[in-house]
Amino acid sequence: MCRAVLAVGLLGVAVLLATGCGGTQKAAPTASENPSATPIATATPIATPAAAAIPPCPKDLDGAICEFAARAERWVQQNDAASLAAGSSWDTATGRELIRGSLDTILPVPEGGQRRLAAIGCPMDAVQWSCAAGFSLAFTTLAAGDAPGPGDRLVVLGFLRTAAGEPRLRLLKEPEERSVRPILTGDLAQEGGLACSSASDDDCARARFFVYWTSPAVPPADQVAGLPVVPIAVADSQPVPDGGALLIETGCWGCEGSPTGLDRLWRDAAGTLRREKLWPGPGQLTGFSVAPGGGRIVAGSCRGDACGASAGTGPATAETTLHESVDGGVTWRRLGAVAGIAGPSGFVGEQVLLFRSNGEGDPYAWPSWFETFPDGWRPTPPAGAQPWPIVFSGALAWPVGDGQAWLRSDGSPAFEARLGLEIVRQGVWPYAAPAGDPLLVAWLQERGMRYAVYRTDRLTAVFEAPRGIGLSLGPWRDDRTVFANTSIPGDDAASPGGPSPRFGYNQPVLFDIERGLVIPLEAQHFKGSFGRELVRGFTPGPLARVNAPGDCLNVREQAALAAKVVTCAADRVLLRAGGGSQTADGVTWLAVTTPAGVSGWASAAYLER
């Protein structure tokens with residue numbers, strides 16, 4: 001089973017650490033998922049009269065599903081277990097009572113509220129989702145306009161489509177807390193057993209959900225702190241920009257597996273976009289930390305039998321080795337090792353922040369902690385804060401509640417949100433450029449994510465993304481644009497696996513914070529719909545690539561053969577080369593800066609530009 005260890009993924013400000021990916025996640029069925037072994041007919045389209053789709057029906061789903069969903073919502077609101085169970089293996093006295101009891105226990109009706117249909121889910125295999133054989137309906141008691149928070153509960157009812165007409169109930173399940181937010185925001189929920197495509201338990205898997213609010217949502221305010229809320233637009237796909245190199249973390253997106261490698265994407269002197277593998281190391285990766293500029297990278301690799309288990313469930317005999325590169329990932333050295341499973345999660349000064357674990361059991365309850373390497377400091381959250389810090393402006397910041405406040409380790413405010421009561425109630429996530437300015441602040445409200453832009457502590461813009469588009473923010477390109485990954489739903493993206501300049505899911509993009517514009521990067525440069533392809537680092541240009549196979553290139557203090565050698569750059573290293581040139585001693589010299597920040601002069605004869 002693939003199980004997440006650390007997913008502070010709202011903004012991509014913390015590393016997702018996990019191991020044990022093997023494609024589609026499976027989960028053993030619970031007693032409530034099928035009260036008998038009665039076989040159910042295989043799937044065919046629902047036999048219902050042609051009718052117009054209900055207005056809130058997600059455009060990715062057919063109207064017949066939505067029409068049935070509207071009826072099922074009424075049955076759930078009325079505790080009509082007989083209609084929900086009709087014709088299925090649940091259609092017994094025991095099954096109907098189990099349905100009523102589960103609804104009353106999990107979703108008691110609040111005073112003045114009601115149960116409502118929140119989302120429709122389609123079973124997801126290792127490659128794509130499909131509601132052709134079955135689908136699931138997720139119900140909540142959250143009022144329209146409320147964002148999901150800790151303790152919110154859902155009921156998921158899974159149905160199989162049959163030749164006989166009405167879909168038949170297949171499963172009833174309360175999702176784990178980690179699945180609540182992706183279900184309610186219209187995303188991929190990684191938990192197994194959320195939707196089925198047949199009567200076999202092997203065909204009950206994770207699900208891709210689509211938001212479906214049948215009750216009118218409370219319209220958001222048109223302004224925040226006096227500024228208009230501007231809808232985020234999605235531009236046409238564009239080539240990967242010139243003038244820099246991207247670091248791409250590879251792996252399986254949608255199965256929460258560990259990273260499989262680190263690649264570099266850059267454009268050579270002929271204008272050809274080149275992709276090179278950087279990580280050659282042994283063992284199973286536990287994650288990467290990439291410093292701003294992409295020069296310093298720390299990778300973790302786990303060795304031992306426990307490394308194949310979910311990160312956090314291995315015994316202390318497992319060992320994680322840390323490897324460091326200071327030349328952008330071309331050469332690596334052993335930094336040290338720690339017992340157990342550890343994942344690099346950022347840098348605090350020169351120290352590497354590790355997420356460590358060595359216990360057994362539930363991956364959300366094992367003994368785990370953060371620790372810096374090599375000094376071994378174990379930071380503890382200030383009073384009232386959650387134990388999941390982010391690295392914010394070079395120091396640790398700890399959330400209070402769901403991000404209603406952020407505190408430094410000494411308890412002082414790490415960030416002051418001055419956008420009004422809406423943000424304070426919902427909770428925010430800050431994301432700063434390396435120099436601390438500009439600053440993005442994100443929060444979730446009913447219609448989708450909102451992003452506020454601060455410059456020199458002054459609010460300059462507020463943008464709103466439609467539901468289904470949430471930006472996992474990566475490295476800044478400049479003070480106007482930031483690389484990110486997102487899913488582009490509906491007609492704006494091709495179906496998974498189909499040929500298109502966009503692949504829709506986990507799409508690398510640029511986010512223009514001046515115009516509120518998401519710019520997808522052309523998909524042919526990446527690894528298809530369900531590769532991880534996380535943009536983890538950016539090295540600004542102009543760049544020159546060292547061409548010295550089997551050797552290294554001297555970088556000298558001055559443009560002269562007799563000048564002191566300050567460093568030697570390995571073959572394939574990208575040097576910044578924007579400082580001009582000189583000719584001396586019969587050599588054309590370029591002013592260069594290494595990924596480690598060492599400046600000097602190097603022979604242009606051994607540099608590709």
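**Close-up views of a predicted model**

**View 1. Glycine 343 has phenylalanine 355, a residue of strand S22, as its bridge partner.** In this predicted model, the two strands S21 and S22, the latter covering residues 351-357, run alongside each other in the antiparallel sense and are joined over six bridges. Between the strands of this hairpin lie two residues, and glycine 349 adopts a positive phi near 65 degrees there.

**View 2. Strand S21, residues 341-348, is largely enclosed by the rest of the structure.** This description follows from the burial of its residues, because eight of the eight count as buried, where buried stands for a relative accessible area under 20%.

**View 3. Helix H3 spans residues 93-106 and has a buried side.** The helix has 14 residues and reaches 20 Å from its first C-alpha to its last, which is close to the 20 Å expected at 1.5 Å a residue. Its buried residues are Gly95, Ile99, Ser102, Leu103 and Ile106. These cover an arc of only 95 degrees around the axis, and therefore they lie on the same side of H3. Ala93, Thr94 and Thr105, by contrast, are exposed on the other side of the helix.

**View 4. The buried residues of H3 pack against both helices and strands.** The helical partners are H1, residues 63-77, and H2, residues 81-85, while the strands that take part are S5, residues 155-160, and S6, residues 168-173.

**View 5. The whole chain contains five helices and 44 strands.** Of its 609 residues, 55% count as buried, and the accessible surface comes to about 23900 Å², with 52% of that area belonging to carbon and sulfur atoms. Among contacts in the chain with a separation of 6 or more, 56% are accounted for by residues 24 or more positions apart.

**View 6. Confidence in the chain is lowest in strand S2 and highest in strand S38.** The mean is 27 in S2, residues 17-19, and 97 in S38, residues 552-556. Over residues 1-55 the pLDDT is below 50, although this stretch has 168 contacts in the model beyond near neighbours in sequence. A further stretch, residues 309-316, also stays under 50 in pLDDT, and the model has 33 contacts for it beyond four places in sequence. For the chain as a whole the average pLDDT is 78, and 77% of the residues score at least 70.

How values were computed
Residues numbered from 1 in each chain as written. Predicted model: local features only at pLDDT ≥ 70, side-chain atom pairs only at ≥ 80, totals over all residues. Heavy atoms only, no water. Helix = DSSP H or I, 4+ residues; strand = E, 2+ residues; numbered from the N terminus. Expected span 1.5 Å × (residues − 1). Buried < 20%, exposed > 50% of the residue type's maximum accessible area, 1.4 Å probe, protein only. Arc of directions from axis to C-beta. Contact = heavy atoms within 4.5 Å. Pairing = 2+ DSSP bridges. Areas by Shrake-Rupley, 256 points an atom, 1.4 Å probe, with all protein chains shown as cover. pLDDT = per-residue confidence, 0-100.
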